[in-house]
Every structure is written in structure tokens, then in C-alpha cells.
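Colleague: Please take a close look with me at one part of this model, the salt bridges, and explain each term as you go.

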Number of protein chains: 2
Amino acid sequence: MESCVPPGFRFHPTDEELVGYYLRKKVASKKIDLDVIRDIELYRIEPWDLQERCRIGYEEQNEWYFFSHKDKKYPTGTRTNRATMAGFWKATGRDKAVYDKSKLIGMRKTLVFYKGRAPTGQKTDWIMHEYRLESDENGLPQAST
Amino acid sequence: MESCVPPGFRFHPTDEELVGYYLRKKVASKKIDLDVIRDIELYRIEPWDLQERCRIGYEEQNEWYFFSHKDKKYPTGTRTNRATMAGFWKATGRDKAVYDKSKLIGMRKTLVFYKGRAPTGQKTDWIMHEYRLESDENGLPQAST
């Protein structure tokens with residue numbers, strides 16, 4: 001990415017940019033200007049291993065961006081599996097609407113990582129924002145931070 | 001600049017990038033990848049007019065970046081004129097060294113804007129960082145925030 005972005009620029013996208021540009025393009029399999037958001041399989045990676053996988057350049061980061069397909073809990077169901085080997089992601093609070101001007105384009109879910117197995121487990125400081133498109137073409141891929 | 005920088009990137013340069021890349025290139029009259037730092041005559045502009053002149057894209061900003069030549073107080077002297085029509089910039093604290101790894105490449109002076117005329121004047125919330133190269137080719141142009 002050094003090839004395109006001049007010195008001094010940092011990746012600090014807004015929710016609207018993540019949903020309206022990055023996630024929308026990804027879902028539509030369109031070209032994204034700069035391959036700055038990695039594809040991963042979130043439920044095979046522990047949060048502390050994300051840094052290595054989602055590094056952008058040589059910056060110190062405390063946020064990481066990635067695309068991941070939702071993993072179903074049961075093959076025929078609609079429930080999402082959010083467990084990893086070491087723990088699980090649990091939703092917290094309400095989903096937040098993401099707008100492009102006044103048009104609803106997506107939703108942002110906030111999740112916290114717990115070590116161990118539900119319904120017990122030890123809360124950690126790891127927070128994830130899971131974005132989804134809010135429209136008919138509401139697909140599986142997601143961009144998260 | 002929209003032509004080059006993908007969505008989600010913001011201009012948040014480090015001191016090292018401002019001095020080691022932007023100011024160094026400017027002083028050497030070399031090409032800068034992206035014309036993101038404006039040329040102005042600082043002592044003809046009040047701080048509250050900078051926003052309009054140094055805007056980057058359509059972002060909300062609370063920092064502005066520019067190049068400006070030093071204005072001498074007296075044609076033959078070395079003292080710097082830092083007065084505008086409405087007030088003056090006054091240095092505060094010590095200059096901070098700017099390093100590229102362990103090599104000293106520049107200095108950063110912090111100044112506060114006072115309305116009125118020295119030695120009186122009313123302190124404002126406007127802060128400026130004035131960068132200079134620290135080397136033999138230590139020229140006049142400066143990048144400031």
C-alpha cells in the first residue's frame with residue numbers, strides 16, 4: 001500500500017466509509033482501490049492473533065480491519081457461530097444504524113470477547129464491531145474492527 | 001487529492017513525517033506526492049482564516065497544515081516577525097527535537113496566538129507548531145500545524 005498512499009495518511013475510516021465503500025464493494029465482488037482490509041476466518045483466529053494478520057504497513061495499531069464470512073452454528077440454521085478455540089464473541093448493547101447522509105445503508109453490532117465457554121467465560125477488553133449491509137442484497141461477508 | 005488516497009485515509013502525519021518528508025522535500029524544491037500542504041503567508045492570515053485556506057477534502061478538521069516563509073522583523077536582522085493584523089504568535093515552552101530513528105532532523109517550536117499587540121495581548125486557544133530542518137541546509141520555509 002506504500003505505493004499509493006503518501007506519507008502521513010492513516011487508515012481511520014468512518015462507519016459510513018466501511019459500509020458504503022468497503023463492505024458494499026466486497027459483497028458485490030468489485031475492486032477495492034487498495035487491499036487494506038484482509039480476508040480472514042474470524043472463528044479460527046483468536047483476537048490477539050489478529051494484529052499479525054491485519055497489519056497495515058509498519059504503524060502501531062490498536063484497531064484492525066478484516067472481512068470474514070459468518071459461520072453458521074448449524075448447517076441448516078440461521079444462528080451464527082461466534083466461538084473460537086479459546087472463547088467466544090458475545091453481542092453487547094444495541095446495533096447502531098449506519099447512514100449515508102440520511103439513507104440507512106447498514107448496521108453495526110458491537111461484540112465483546114470472552115475467554116472460555118458460554119454461558120460462563122471471562123470477559124476481556126477485546127471489542128469487535130461487526131458491520132452488515134442493510135438492504136436486499138444483505139449478504140454474508142462482513143467487515144469488522 | 002481524492003484522486004489518489006482511497007476512502008478511509010486521513011492526514012495525521014507524525015513530526016518525523018512532516019520534517020523528514022514534507023519539509024525536507026519542500027526546502028529542496030522536490031516533488032511532493034500529494035499537494036496536501038498549502039503555501040500561505042502566515043503573517044497575513046489570522047488563525048481563524050486558516051481553516052478555509054488549508055482544508056483537505058471535505059473532512060472536519062481541527063488541525064491545519066501549511067508552508068510559510070519566515071518574515072523578518074527588520075530587513076537586515078535575524079529576528080522573526082510573527083505578528084498578524086489582529087495579534088501575534090508567541091513561543092511557549094522549549095523547542096522539541098524531531099528524530100528519524102536516532103538522527104536529529106529538525107526542531108519543533110510551539111507558539112500561542114495572542115490578540116492585540118506585544119507585550120500586552122489576550123491569550124487565545126490557537127496553538128501552532130513551527131517545524132524547521134536541523135541541518136546545514138537549514139532554510140527559511142517551514143511547515144506548521
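Modeller: What follows goes from the chain as a whole to the salt bridges, within a chain and then between chains.

This is a predicted model, in which local features need pLDDT of at least 70 and side-chain atom pairs count only at pLDDT 80 or more, while totals for chains, interfaces and linings use all residues. Residues are numbered from 1 along each chain, chains are lettered from A in the order written, and side-chain values use heavy atoms, without hydrogens or water.

Chain A contains two helices and nine strands (DSSP runs of H or I with at least four residues, and of E with at least two). Read from the N terminus, chain A runs β-α-β-α-β-β-β-β-β-β-β. Of its 145 residues, 44% are buried (under 20% relative accessible area with a 1.4 Å probe, protein chains only; exposed is over 50%, and partly exposed is in between).

How many salt bridges does a search of the whole structure find over all chains? The search finds 18 of them, each being a side-chain nitrogen of Lys or Arg within 4 Å of a carboxyl oxygen of Asp or Glu. Side chains of opposite charge can pair when their charged atoms come close.

In chain A, K109(A) and D95(A) meet in such a pair, at 3.3 Å from N to O. K109(A) lies in strand β7 (residues 103-115) and D95(A) in strand β6 (residues 87-100), so this salt bridge ties together parts of chain A that are 14 residues apart in sequence. The partners are not covered alike, for K109(A) is buried at 16% relative accessible area, whereas D95(A) is partly exposed at 25%. Both residues also belong to a network of salt bridges that links D95(A), K109(A), R132(A) and E134(A).

In chain B, E134(B) and R132(B) form a salt bridge whose closest N and O atoms are 3.7 Å apart. Here E134(B) is partly exposed, at 30% relative accessibility, and R132(B) is partly exposed as well, at 21%.

Chain B also holds a salt bridge between R82(B) and E130(B), with the closest N and O atoms 2.9 Å apart. This pair links distant parts of the chain, as R82(B) sits in the loop between β5 and β6 (87-100) of chain B and E130(B) in strand β8 (residues 122-133), 48 residues apart. R82(B) counts as buried at 16% relative accessibility, and E130(B) counts as buried at 4%.

Now to the place where the chains meet. The contact (heavy atoms within 4.5 Å) takes 18 residues from chain A and 18 residues from chain B. Of the interface residues of chain A, 100% are also interface residues in chain B, so the copies meet through the same surface. Two salt bridges are found across this interface, and one of the pairs is R10(B) with E17(A), where the closest N and O atoms are 2.7 Å apart. On the side of chain A that touches chain B, β1 (9-11) and α1 (15-27) of chain A each supply at least two residues.
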